[in-house]
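Open the model in your viewer and keep the selection tool at hand. The tour moves stop by stop.

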Amino acid sequence: MSATPIAIPQSTSPHAVTISLSPTSSTIHERFRKNSVGTSLSVRMPKVLHPVENEDLKLLLLENISQDAVKMFEAQGFHVDHSAKSMSEDELITKIGSYHAIGIRSKTKITEKVIKAASKLLVIGCFCIGTNQVDLITAAKAGIPVFNSPFSNSRSVAELVISEIIALSRQYFERGWEMRNGIWNKQSKGCWEVRGKTLGIVGYGHIGSQLSVLAEAFGMRVLFYDVVMIMPLGQARQVDSLEALLSEADFVTLHVPELPETTHMISTEQLAQMKKGSYLINNARGRVVDIPALIDALKSGHIAGAAIDVFPSEPSANGAPFDNTLNGWASALQTLPNVILTPHIGGSTEEAQTMIGEEVSAALSRYLNYGASVGAVNFPEVDLRAITAEQGRHVRVCHVHNNIPGVLKQVNEVLSPYNVEKQYSDSKGDVAYLMADIADVSPHDINRLRELISRTNANILTRLLA
Ligand SMILES: NC(=O)c1ccc[n+]([C@@H]2O[C@H](COP(=O)([O-])OP(=O)(O)OC[C@H]3O[C@@H](n4cnc5c(N)ncnc54)[C@H](O)[C@@H]3O)[C@@H](O)[C@H]2O)c1
């Protein structure tokens, strides 16, 4: 086989990467990876940008965020302070003033008072799924984007659901519990293979669609209901109504967000629409199921079993009781057979934690070094294509401002002596964010540019990266 003939310009740039196409490699991907001698293809390398401010950037990582994240930030030249614990509001107020970025999990509360004390803070990373521990609106108004990792644990949840489908179908939680109590109770009545059974997925998003693929591999037939039309994976089929799904499925599993429309979306009426002897699984949010109604359906035998991982009220710490003081029906649920209760562990795996660490660290670095806010939960999402290594005197302007008329005119007047190579701006609520790459800015002009833009009347925060 001869080398693939591709017309490739010979690079003249010292920064260009040379990738060769070897005639002995079997696939085009391998040829690109091997990078052996031969015809060359030049790839324009992005320039590594840094904040122009003289001061080194300081990061505070709390709640035992992974050492991999610490190493990654240190390798980029950031100073990192790391603690296994969370901090109280008072502690944060005294310490946060010297940090440019903070990484937290769910225990540290970033309140309005903390944000007011955070005079240098540029960005907040929530190394978890939720962000309600942060005052998102105050953060946005202070020009601080907040990043999280909402989908890193989708696979972990999907795998838990698969295990629950089989556990319910084979009643092995009951049998295992009996064995621990010294009871041998081998039986096949009411125990089923999952092969050939119908799984009904409510909400075909990140988790629902992963689950669809796994379930088909087990020989299940998959139906799903979603408010959005979605291309089904494999042989799955979208149905028009929740009722259609409930009336056909042997297992119903919920993967919708908590919204007013999804609160108690499974209650007495919907449980009655489910097939007799079917099972209900809820790993979504606690209020999606009306649990007293489910208890009635389980007691009557209409529903053969349930797995519940999420509850309307959940204890705030490990070791805290899960009883009627928190949810009035807890003991009634705990005494029912073939009901699996788990303490919100759907997304709790080592893999998910690793992915959360990688995703949030990368988002913080991208924002600090390149100004990219894509993925922020409280902030306009803006990014620009990279400045290349050849473009030595290019400067990136990152300007967070109040979303009022006339701002772009003022900023563009400041930029008018230069060639604005690219520019992008977006707004979210009261806050807007402009990124612009400016060509041929002398080191002397950089500070002047920043000062002039910072002085415009809507300015919240202006950074220059070069
Ligand atoms: N148990 C856990 O540990 C755990 C972990 C991660 C996520 N979750 C929860 O799982 C749920 C799903 O997460 P995801 O990442 O797949 O979300 P997602 O946003 O990717 O998907 C949700 C899907 O639900 C659909 N939907 C919204 N409203 C609907 C309605 N009224 N009827 C039908 N479909 C509707 C959306 O169109 C979307 O396709 C969320 O509630 C999330 O909080 C739980």
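**Stop 1: the ligand.** This is a predicted model. Select the ligand and the residues around it. There are 31 of them, and Gly203, Gly205, Ile207, Gly346 and Gly347 come nearest. Now colour by element. Two elements give two or more residues each to this shell: α6 (154-170) and α8 (206-217). Which of them gives the largest share? It is α8, with three residues. Next, colour the shell by residue type. You should find 14 nonpolar, 12 polar and five charged residues.

**Stop 2: strand β8.** Select residues 198-202, which form β8. Is this strand mostly covered or mostly open? It is mostly covered, with four of its five residues buried. Now show its partners. β9 runs parallel to β8, and five bridges join the two. To find the register, pick Thr198, whose bridge partner in β9 is Arg221. Then add β11, residues 251-254. β11 also pairs with β8 in the parallel sense, over four bridges. Here pick Leu199, which has Phe251 as its bridge partner in β11.

Bring α8 back into view. Together, β8, α8 and β9 make a right-handed β-α-β unit.

**Stop 3: Pro232.** Follow the chain out of β9 (221-225). Pro232 lies in the loop between β9 and β10 (237-238). Why does Pro232 count as partly exposed? The reason is its 14 C-beta neighbours inside 10 Å; a residue needs 20 or more to be buried, and 12 or fewer to be exposed. Leaving aside residues up to four places away in sequence, Pro232 touches Arg237 and Gln238. Draw a C-alpha to C-alpha distance from Pro232 to Val213. The viewer should give 9.9 Å, for a pair 19 residues apart in sequence.

**Stop 4: a four-strand sheet.** Select β15 to β18. These strands form an open sheet in the order β16-β17-β15-β18, with antiparallel pairing. Look at the edges. β16 (419-428) and β18 (459-465) each have a single partner strand, so one side of each is left without a neighbour in the sheet. On average, neighbouring strands here are turned by 10° against each other, direction ignored.

Zoom in on β15 (residues 395-402) and β17 (residues 431-439). Eight bridges hold this antiparallel pair. One residue to label is Cys398, which has Met435 as its bridge partner in β17.

Last, select helix α15, residues 443-454. This helix packs on the sheet and touches β15 and β18. Its direction makes about 165° with that of β18.

Technical notes:
Residues numbered from 1 in each chain as written. Predicted model: local features only at pLDDT ≥ 70, side-chain atom pairs only at ≥ 80, totals over all residues. Pairing = 2+ DSSP bridges. Axes fitted to C-alpha atoms, helices over the stretch in contact; angles between N-to-C directions. Contact = placed C-beta atoms within 7 Å. Near = placed C-beta within 6 Å. Nonpolar A, V, L, I, M, F, W, Y, C, P; charged D, E, K, R; others polar. Right-handed = clockwise from strand over helix to strand, strands pointing away.
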